[in-house]
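Please look through the structure shown here with attention to how its helices and strands are arranged. The paragraphs that follow take the arrangement one part at a time.

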Amino acid sequence: MKILHTADWHIGKVLHKHSLQDELKLFFDWLLTTIEEESIDLLLVSGDIFDLANPSASDRALYYGFLKQLISHKLKIIITGGNHDAVGLLNAPKEILATLDITVIGGATENIEDELIFFTNKNDEPELIVAAVPFLRDKDLRDKNTDAQHKTRTEAIRVGILNHYRALYSKSKNRYPDTPVIAMGHLFTVGAEVSESERDIHVGNAAAVEDSVFDGFDYVALGHIHKPQRVAKNDKVRYSGSPIALSFSERSDNKCILMLELIENKLGPAKVIAVPKFRELRRFSGSLKEVQNKLLEYQPTYQLPSFLELEIKEDTFSASVLSQVENLTELYAENEKFSILKSKTAFTSGMKDTSDLYVEGSNIEDLKPQDVFDKRLELEELSPDIKLSLKDTFLELLENIDQSDLA
C-alpha cells in the first residue's frame with residue numbers, strides 16, 4: 001500500500017487581495033499526475049481544506065471538482081477538518097462521499113471510535129489503521145468535571161489532546177495489536193517553526209504538545225504548520241506543510257508532499273516529494289533607486305506571474321519618496337510578468353512606517369485580532385502573570401467567537 005500525506009490547501013486564500021486559486025489548480029493537476037505515476041492507494045489530507053469557514057462558490061467548485069477527478073484514480077481518501085474549516089460544511093456531503101471511498105471527519109466525533117478507519121487486504125485481514133483526528137476545539141477537549149484539576153486552560157487543552165490520542169491508540173491496539181497505526185492531526189507541536197500565515201488558536205504556541213503525545217504510532221501525518229518539517233527530529237512525526245506559499249515568509253520554503261509505503265505489515269520511512277513552484281514570491285529591498293533598477297532587470301521564470309513585495313529604505317524622510325513609491329506601484333499595475341502586492345517605506349530618521357510595530361511582512365488589513373491584542377498588551381506595564389492571564393482570557397473569548405462563526 002502506498003500512502004500520500006498532504007495538508008493545508010487553504011482553498012480560497014487571498015494574499016494581499018490577490019487570489020491563490022491558480023497555484024492550487026496547478027498543484028491539484030500535478031498531484032493527480034503524481035498519484036497516477038506512483039500508484040497511490042491512500043491519500044491523507046490533514047486539515048485546513050478551505051481558508052474560510054464560508055468559502056465562495058468557486059472555491060467549493062474547485063474542491064469538489066478535484067475530488068471528482070480523484071475518484072477516477074480508484075484510491076481511498078481521508079480528509080480531516082482544520083481550524084479554518086467549518087465542521088458542518090465539510091461534513092455535509094460525508095455520507096455521499098463515503099460511497100466513493102472518501103472519508104470526511106470535519107470535527108471531533110461524539111463516539112471517538114468513529115475516528116478510527118480500518119483497511120483490510122485482499123484476504124480481508126487488517127492491514128492498516130488510521131486515527132483520523134481533526135482539529136480539536138476547546139469544547140472537544142475540556143471537561144467541566146476535571147477542569148479544576150488543571151492550573152490553566154492551556155494545561156487542560158494539552159491534557160485533553162494527550163488523552164484523545166492515547167485513547168485512539170489504545171483502542172486500535174486492543175482490537176488489532178499487530179496492525180500498523182497512522183495518526184492524523186491538525187495542531188501545534190513544541191518547537192515547530194511557523195510562518196506569518198498560521199492562525200494562532202489554542203493560546204498560540206503556549207498549548208503546543210510534545211511529540212511524546214504520539215508515542216506508539218507508526219507515523220503521524222500533521223497539518224497546521226505551513227513549513228514542511230519533522231517534529232523534534234522524529235522522522236515518524238511530520239508536517240507536510242502547505243503545498244504552495246501562503247505568505248511572503250514562506251517564499252523560500254521547499255514545498256512538498258510525503259509518501260509512505262506499507263510492505264509486509266511495516267511502514268517504511270517517509271519519502272519527500274517536492275512540489276513544483278508555479279509562482280515566485282520575491283522581496284526587493286534597498287533604496288528607491290536600487291529597487292527601481294531591480295524591477296527593470298527582473299525576469300521571472302515560473303509559470304505564473306510573480307508576486308512582489310518592495311521594501312524601500314532611505315536615510316531621511318521625504319514625502320517625494322513616498323509619492324514615487326506609490327507611482328512605482330501604479331506603473332507596474334498592468335505588468336504581465338509580475339504584480340507588486342505590497343510596498344513598505346522606512347526612513348532612518350524622521351517619520352517611520354507604522355507597520356514597524358508589527359512582524360516583518362505584515363500588512364494592517366492582514367492582522368489578526370490576537371496580533372493587535374498582543375501588541376497593545378506590550379505597551380502596558382503589567383506583571384508577566386497578569387499579562388498571561390489577560391492573554392488567556394482574550395483567547396478564550398476569541399475561541400468562543402470562532403465557535404459561533406463555525407457552528
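In this predicted model, helix α7, which spans residues 288-297, packs with helix α8 at an angle of about 10°, and the two axes lie 11 Å apart. Because angles under 35 degrees count as roughly parallel, α7 is roughly parallel to α8. On the α7 side the contact is made by Leu288, Val291, Gln292 and Leu295, while α8 contributes Val321, Gln324, Val325 and Leu328. Sorted by residue class, this contact of α7 with α8 holds six nonpolar residues and two polar ones, with no charged residue among them.

Helix α8, which covers residues 319-331, also belongs to a right-handed β-α-β unit, together with strands β17 and β18. These two strands, β17 at residues 306-316 and β18 at residues 338-349, run parallel and are joined by ten bridges. One of the pairings in this unit can be located by residue, since the bridge partner of Thr316 is Ser349 in β18.

Elsewhere there is an open sheet of six strands, whose pairing is mixed and whose order reads β7-β8-β9-β10-β12-β11. Its edge strands are β7 (116-120) and β11 (229-231), each of which pairs on one side only. On average, and with direction ignored, neighbouring strands of this sheet are turned by 25° against each other. In general, the strands of a sheet pair through backbone hydrogen bonds, and they may do so in either a parallel or an antiparallel manner. At the β11 edge the pairing is antiparallel, with three bridges joining β11 to β12, the strand of residues 234-239. Within that pairing, Arg230 stands opposite Arg238 in β12.

Towards the other edge of the order, which helix lies across the strands β7, β8 and β9? The helix in question is α6 (residues 153-175), which lies across β7, β8 (126-132) and β9 (181-186) and runs at about 160° to β9.

A last stop is Ile71, which lies in helix α2, a helix of residues 57-71. Is Ile71 buried, exposed or partly exposed? Its relative accessible area is 30%, and because buried means under 20% and exposed over 50%, Ile71 counts as partly exposed. Once the neighbours within four places in sequence are left aside, Ile71 is in contact with Leu100 and Ile102. Asp101 is 30 residues from Ile71 in sequence, and the C-alpha atoms of Ile71 and Asp101 are 8.0 Å apart in space.

Definitions and conventions
Residues numbered from 1 in each chain as written. Predicted model: local features only at pLDDT ≥ 70, side-chain atom pairs only at ≥ 80, totals over all residues. Heavy atoms only, no water. Pairing = 2+ DSSP bridges. Helix = DSSP H or I, 4+ residues; strand = E, 2+ residues; numbered from the N terminus. Axes fitted to C-alpha atoms, helices over the stretch in contact; angles between N-to-C directions. Contact = heavy atoms within 4.5 Å. Right-handed = clockwise from strand over helix to strand, strands pointing away. Parallel < 35°, antiparallel > 145°, perpendicular 65-115°, else oblique. Nonpolar A, V, L, I, M, F, W, Y, C, P; charged D, E, K, R; others polar. Buried < 20%, exposed > 50% of the residue type's maximum accessible area, 1.4 Å probe, protein only.
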